[in-house]
Amino acid sequence: MSLIITHGLIITAGREFAGDIRIDGGRISAIGAFQAAPGDRVIDASGLLVVPGGVDVHTHLEAPVGGTVSSDDFSTGTKAAAFGGTTCVVDFATQSKGEKLPAVLDAWRKKGEKSVVDFGLHMIVTDIGAGALDSLDDLVREGVTSFKLFMAYPGSLMVDDGTIFRVMRKAGDLGALVNIHAENGCVIEQLVRNALSAGETSPRFHALTRPAAAEGEATNRAITLAQLAGVPVYIVHVTCRRSLEAIVRARESGQRVYGETCPQYLLLSAADLERSDFEGAKYVLTPPLRERSDQEALWGALGAGDLQVVATDHCPFMFRGQKDAGRGDFTKIPNGGPGIENRLELLFHYGVNQGKITAQQWVDLCSASPAKFFGLYPRKGEIAPGSDADIVIWDPEAESVIRAADHHMNVDYSMYEGFALKGRPRTVIAGGEVVVDGGTWAGGAHRGRYIMREPFGGAYQ
């Protein structure tokens, strides 16, 4: 028995065309015009768009942060992702100082067994002592082909420039891609101390102590280290014009530098941190929200191809019981916010509908490019024979309003509360199985698989 999608407008990163899709054994078996056989299931997509399932390569599910744990685990988080049209995530296994990397990977793979969509893992490297640098070889053999390094959070996640350089060189030998969280952690630490000693404790000081200059400086430094190491580099969650300018300069000189941004940096601003009654804590993210002018620069970069990926950095915490630990001290507010469910609809409404990006660019930013960068393409991010049958049937005319009361993320607020949108998923198919149908969950429990990712390469050499 096959699953056949008929009469839809198929949109990929490279083309738009009318056609039918046949699905067998969890994969796309053919594209053309088909007559259903007895027993086949047919989905009529007339008037709808048929696009590859979203690939979110920046999530933090069940992640330890600042003495607490993000409120979505792999079960609730990936289910919410599927409701929003994302059918694959790449999360972060996080090494603590002294931990053996293979053991860290095993622990995160165990967490991921609760996933309802396919998942991969990056590795956050914080300690390369005691043979850890050599164990990166083992990670690549286990399908972990990207390593994240922090230039922020001294004393916990931050590594020094020498460590960054050594990991970059090793990653280059292995065909792995280094992701960089670019902020000058040492300077930020001093700015935080200054603010607290002056009695400045409200949420807005999270942003004021992490200025755009600290991000821009670190981005420049990361790009220089990558140039010295002779390797590509991927800058995560770019928020501001300063960082963007460094990326564009490097790319124009021929350096392989790539960048990702997130919906919150395109649609929210530092003004949200000033909301009354401690509501600003909902918008405490790292890096922090910036100014409206930075949003304009980021949108322009997406349209021009200077930034290649939109991910979410989904790292939710309950407002009551987690975020409110920071009343009276902004440094105690867990950094992060929810968004795994809203990425595709926000980018479609504010990007495609408003003419900032095309529909093909939307697919590229949310699906094809992330799959290419992180060793998933063409299995993910594509509609072609042989690709996984991860497909979203999208209604471009459906109207909705984002409400925390309606979402599926395990968190008690939405950063986009009240946003009115046009365009949303009608049917979501993951691995050939209809998992969301008309806003109702139709999939099985814990059906996601760990995906062995290929080394960095392909279209992004």
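Let's start with helix α11 (343-352), which is mostly covered: ten of its ten residues are buried. Buried here means under 20% relative accessible area, exposed means over 50%, and partly exposed lies in between, using a 1.4 Å probe and protein chains only. The buried list runs Arg343, Leu344, Glu345, Leu346, Leu347, Phe348, His349, Tyr350, Gly351 and Val352. Helices (H or I, at least four residues) and strands (E, at least two) are DSSP runs, numbered from the N terminus.

Keep in mind that this is a predicted model, where local features need pLDDT of at least 70 and side-chain atom pairs count only at pLDDT 80 or more, while totals for chains, interfaces and linings use all residues. Residues are numbered from 1 along each chain as its sequence is written, and side-chain values use heavy atoms, with hydrogens and water left out.

From α11, move to α10 (292-304). Asp294, Gln295, Ala297, Leu298, Trp299, Ala301 and Leu302 are its buried residues. What covers them includes α11, along with α8 (241-252), β14 (257-261), α9, β15 (309-310) and α12. As for its length, α10 has 13 residues and reaches 19 Å from first C-alpha to last, close to the 18 Å expected at 1.5 Å a residue; the expected span is 1.5 Å times one less than the number of residues. After α10 comes glycine 305, with a positive phi near 85 degrees. On the other side, the loop between α9 (263-267) and α10 holds proline 287, and a cis peptide bond with omega of about -5 degrees joins threonine 286 to that proline.

There is another cis peptide bond to look at, between tyrosine 377 and proline 378, with omega of about 5 degrees. Proline 378 sits in the loop between α12 (359-373) and β16 (391-401).

While you're at α12, have a look at glutamine 360, which belongs to that helix. Glutamine 360 is partly exposed, with a relative accessible area of 23%. In sequence it is 349 residues from isoleucine 11, yet the two are 6.4 Å apart in space, C-alpha to C-alpha. Leaving aside neighbours within four places in sequence, glutamine 360 is in contact (heavy atoms within 4.5 Å) with Ile11, Thr12, Ala13, Gly14, Arg15 and Glu16.

Next, the sheets. Strands of a sheet pair through backbone hydrogen bonds, either parallel or antiparallel. Two strands count as paired if DSSP finds at least two bridges between them. One open sheet has eight strands in the order β6-β9-β10-β11-β12-β13-β14-β15, with parallel pairing. Its edge strands are β6 and β15, each pairing on one side only. At the β15 end, β14 and β15 pair in the parallel sense over two bridges, and glutamate 260 stands opposite valine 309 in β15. Helix α2 (residues 101-112) packs on this sheet, touching β9 (86-94) and β10 (118-124), and its direction makes about 150 degrees with that of β10. Meanwhile α8 lies across β13 (233-235) and β14, running at about 150 degrees to β14. For these angles, axes are lines fitted to C-alpha atoms, for helices over the stretch in contact, and values run from 0 to 180 degrees between N-to-C directions.

Now for β16, a mostly covered strand with eight of its eleven residues buried. Four bridges join β16 to strand β5 (residues 49-52), and the two run antiparallel; valine 50 has isoleucine 393 as its bridge partner in β16. Strand β17 (residues 420-430) is joined to β16 by eight bridges, again antiparallel, with alanine 420 in β17 as the partner of valine 401.

What about the interior? A nonpolar core is a set of buried Ala, Val, Leu, Ile, Met, Phe, Trp, Tyr and Cys residues joined through side-chain atoms within 4.5 Å. The largest one has 113 residues, and those with the most contacts inside it are Met123, Leu136, Phe147, Met168, Ile180, Trp362 and Phe419. Helix α7 (residues 212-229) gives the largest share of this core, seven residues. Take isoleucine 180: not counting residues up to four places away in sequence, it touches Leu149, Met151, Ile164, Met168, Ala222, Val233, Tyr234, Ile235 and Val236. A second, separate core of 17 residues includes Ile23, Ile28, Ile43 and Val50.

Two backbone oddities round off the tour. Glutamate 62, in the loop between β6 (54-59) and β7 (64-65), has a positive phi of about 50 degrees although it is not a glycine. Histidine 446 also has a positive phi of about 50 degrees without being a glycine. Histidine 446 lies in the segment after β19 (440-441) and is partly exposed, with a relative accessible area of 46%.
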